[in-house]
Amino acid sequence: MAPIKVGIVGYGFSTNCFHLPFILPNPELHVHAFLQRAPAPADPAYKGKKGFGHCTIDFPEVKHYQTAEEFFADPEIELVIICSHSHEELAEAALEAGKHVVVEKPFVNTSAAANRLIKLAKEKGKLLTAFHNRRYDSDCLTLHHLLKHNALGDVLDAEIHFDFPSPSWISGWTKKEYTPGSGMAFGLGTHTIDQALYLFGLPSSVTGFFSSTRGVESDIDDTFMIILRYSGEKKNLVVTVKTAIFTHLKDQLKFFVRGTKGTYLKFGSCPQEARAIANPAKPAVDPNFGAEDERIWGTLTTVDEFDAASQKFDADSKLYIGRYPSLPGSYRSYYENVVDAIHRRAEINVKAETARDGLRVIELARESHEKGCSVPWS
């Protein structure tokens, strides 16, 4: 079977660091075209405004389009990956042109826009998904494994963090008025909200708190806390999703999860992002690409022994405690699943409907923040 021909919209940070390293090693994907509005430069040393070069220099054998009309009209492109702004408009154009579509996060700006695209994808019979690659972080995969094997028992309390000290990109956030798509809940929270939905499912109510702590009076958040409450068999579960920009830690807190049989506490980040940034647009083929340093493996504490190799019995607490080995992170698995879904060998893992639900969480959290109360899921 011939590889799926891929067309990528944009040639900046996202394309070079979050997509190409994990597309290029896949023999079932072939990068066929780029949509990059800048003309091909005469200088082969051209690096562009943000330090990334030009697709015609880095990938001279790949087609280069400067207009969306020409790009989407290419009949050979089967899968479009949107790594540029205007997600909604570009995704719609791709679907109308009969292409499968991967959209960078945040998927779109509103759940209503997401519903419209989901409907269009179904009408066209095409795959539509969002790039929620953080499901494939080492720590998230490890926690999913622990939950699947009931290591923690019934989970009662889970904190999911994506804290980022002094992020440089918020220096331009000077506007006062909030509009959907702006702020840290969209910038980083879409990742951790997706992790919460992936690990624990839809909540029954949402409570939100949003702050501007960067020295600017603004409704655009740089810090937030979203609390998800559940019902039915999970009525005692509370999941908190948080991001802060003042966070003075060597290794940032990622997960703190407590259940009836154990606790998982994890600091430190999956290494895939840093390794991809250090080697942009290079295939992530090192077998240890997603392997964490043992120093940041999470601590697993359980009432009963779960893993004899990593846990030891603590006589004082009468608990089994140890650094549980993190599973390797694997962003490559995201695109492996996309290929499988296109070929109808598997269901898509990151469903567009779940990406929409993540947007709805932000909308309800904003409503909660404005009203000063929890709001039911709707």
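Analyst: On a 1 Å grid over the protein atoms alone, a cavity is a set of points where a 1.4 Å probe fits but cannot get out, a pocket is an open set with protein on both sides within 12 Å along at least five of seven lines, and lining residues have an atom within 4 Å of a point. This is a predicted model, in which local features need pLDDT of at least 70, side-chain atom pairs count only at pLDDT 80 or more, and totals for chains, interfaces and linings use all residues. Residues are numbered from 1 along each chain as its sequence is written, and side-chain values use heavy atoms, with hydrogens and water left out.

User: Happy to start inside: which helix gives the most to the lining of the second largest cavity?
Analyst: This cavity holds about 40 Å³ of space (the space filled by probe spheres set on grid points, which are joined across faces, edges and corners). Its lining is made of His132, Thr190, Asp194, Leu197, Thr354, Ala355, Gly358 and Leu359. Both α8 and α11 supply at least two of these residues (helices, H or I of at least four residues, and strands, E of at least two, are DSSP runs numbered from the N terminus). With four residues, the top contributor is α11.

User: How many charged residues line that second largest cavity?
Analyst: Ala, Val, Leu, Ile, Met, Phe, Trp, Tyr, Cys and Pro count as nonpolar, Asp, Glu, Lys and Arg as charged, and the others, Gly among them, as polar. By that scheme the lining has three nonpolar and four polar residues, and the number of charged residues is one.

User: And the largest cavity: which element gives the most to its lining?
Analyst: The largest cavity, at about 50 Å³, is one of two cavities of 30 Å³ or more in the structure. Its lining includes His191, Thr192 and Gln195, along with Lys254 and Phe255, and it divides into two nonpolar, four polar and four charged residues. At least two lining residues come from β11 (253-259) and at least two from α8. The largest share, three residues, comes from α8.

User: Since α8 keeps turning up, how is helix α6 oriented relative to α8?
Analyst: Helix α6 (residues 138-148) and helix α8 (residues 189-200) have axes 11 Å apart, at an angle of about 20° (axes are lines fitted to C-alpha atoms over the stretch in contact, and angles run from 0 to 180 degrees between N-to-C directions). Angles under 35 degrees count as roughly parallel, over 145 as roughly antiparallel, 65 to 115 as roughly perpendicular and the rest as oblique. So α6 is, relative to α8, roughly parallel.

User: Which α8 residues meet α6?
Analyst: On the α6 side, the contact (heavy atoms within 4.5 Å) uses Cys140, Leu143, His144 and Leu147. The contact residues comprise six nonpolar, two polar and no charged. The partners in α8 are Gln195, Tyr198, Leu199 and Phe200.

User: Turning to open space, what volume does the largest pocket have?
Analyst: Its lining counts 49 residues, with Phe13, Ser14, Lys50, Cys83 and His85 nearest the centre. By class these are 21 nonpolar, 19 polar and nine charged, and α1 (13-23), α4 (87-96) and α7 (184-187) each contribute at least two. The space in this pocket is about 1800 Å³.

User: Which helix gives the most to the lining of the second largest pocket?
Analyst: This pocket, of about 380 Å³, is lined by 17 residues, and Lys126, Leu127, Leu128, Ala341 and Ile348 lie nearest its centre. Nine are nonpolar, two polar and six charged. Helices α5 (111-124), α10 (332-342) and α11 (352-371) each supply at least two. With three residues, the main contributor is α5.
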